[in-house]
Amino acid sequence: NEGISRGASDMFSLKRWKLIIPLDDDGDGIADEVTQPSLRRFEAPDFFYLSDTADSVVFRAQTSGVAPDGETAPRSQLVEMNSKRTELASWSTTSGVHNLTVEFSINALPADEPGVTALQIHDGEAGLINVRLVGKRRVLERKGDEDFVLADDYGLGSFLQLMLISDHGRVRALVNTRQVMEWKVEADGLYYTIGALVAAAPSEDVESTVAEVEFREVYVVHK
């Protein structure tokens, strides 16, 4: 309705997510986190905010940003939590059905390291699947296997609907409801991440640049 202020949390449910931001406001040397209930109304114009068109959420990460503990890659990234929001989600490709559906576009790549990760199925150590844009090549990076190419000539700002379904010891990828990949893989301790994750600038002498990823839809179902 007109006159009602909207924010990033109005676009999709953030109940079972925490946000990692590329800042260190508390001075502990690692990236800060925003959790519920603070996340409910949190926005930051430099890295997590409602788009000008008010129909999507924008994630931005600078190559000079602060990374989480034990990591080197700065990020503005939502990380899936369990139902009580006390720890990371943990599910398996061999038990149940797990569905992440997103509609997203990659709008900008860092000049010094032209690549960004927009979403992951993470296994607690690394991405089991990383959805990345490297140059103009959009790929599904698969842990311990070859990359699956979604597009060789991606145009920045183009929206894509992607569904990742994990069940029966496999992960399937559907683009605009059409299945394009089935990968046999057994893994547990899994959770989703979405946002913008970039490689850190190689040195302080390199000018910081920004990656930007925009999400119109984020829908998670576990059965």
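This passage walks through the strands, aromatic rings and a few residue surroundings of a predicted model.

A good place to start is the open sheet, which has 8 strands in the order 2-1-5-14-7-8-9-10, paired in antiparallel fashion. At its edges stand strand 2 (32-34) and strand 10 (148-151); each has a single partner strand, so one side of each is left without a neighbour in the sheet. On average, neighbouring strands of this sheet are turned by 20 degrees against each other, direction ignored. Within the sheet, strand 5 and strand 14 run antiparallel and are joined by 5 bridges. Leu78 offers a handy landmark here, as this residue stands opposite Ile194 in strand 14.

The aromatic residues come next. A pair of aromatic rings is described by the distance of the centres and the angle of the planes. In this model the count comes to 5 aromatic pairs. One of them joins Phe42 and Phe48, whose ring centres are 6.3 Å apart; their planes meet at 25 degrees, so the pair is stacked, given that planes under 30 degrees apart count as stacked. The two partners can be told apart by their exposure: Phe42 is partly exposed, with a relative accessible area of 22%, whereas Phe48 is buried, with a value of 1%. Trp91 and Tyr192 make a tilted pair, because their ring centres lie 4.8 Å apart and their planes stand at 45 degrees. Trp91 is found in the loop between strand 5 (75-80) and strand 6 (98-108), and Tyr192 in strand 14 (residues 191-197), so this pair ties together parts that are 101 residues apart in sequence. Both Trp91 and Tyr192 are buried.

Phe42 and Phe48 also belong to a wider group, since one aromatic cluster is formed by Phe42, Phe48, Phe59, Phe104 and Phe215. Another ring, that of Phe159, has a charged partner: Arg216 lies over its face, 3.6 Å from the ring centre.

Finally, Ala108 gives a view of strand 6, in which this residue lies. Ala108 is partly exposed, its relative accessible area being 24%. Apart from neighbours within four places in sequence, the residues in contact with Ala108 are Leu156, Val210, Ala211 and Glu212. Ser51 is 57 residues away from Ala108 along the chain, and the C-alpha atoms of the two are separated by 15 Å.

Conventions
Residues are numbered from 1 along each chain as its sequence is written. This is a predicted model: local features need pLDDT of at least 70, side-chain atom pairs count only at pLDDT 80 or more; totals for chains, interfaces and linings use all residues. Side-chain values use heavy atoms; hydrogens and water are left out. Rings of Phe, Tyr and Trp (its six-membered ring) pair if their centres lie within 6.5 Å; planes under 30 degrees apart count as stacked, over 60 as edge-to-face and the rest as tilted. Buried means under 20% relative accessible area, exposed over 50%, partly exposed in between (1.4 Å probe, protein chains only). Helices (H or I, at least four residues) and strands (E, at least two) are DSSP runs, numbered from the N terminus. A charge sits over a ring if NZ of Lys or CZ of Arg is within 6 Å of the ring centre and within 35 degrees of the ring normal. Contact means heavy atoms within 4.5 Å. Two strands pair if DSSP finds at least two bridges between them. Axes are lines fitted to C-alpha atoms, for helices over the stretch in contact, and angles run from 0 to 180 degrees between N-to-C directions.
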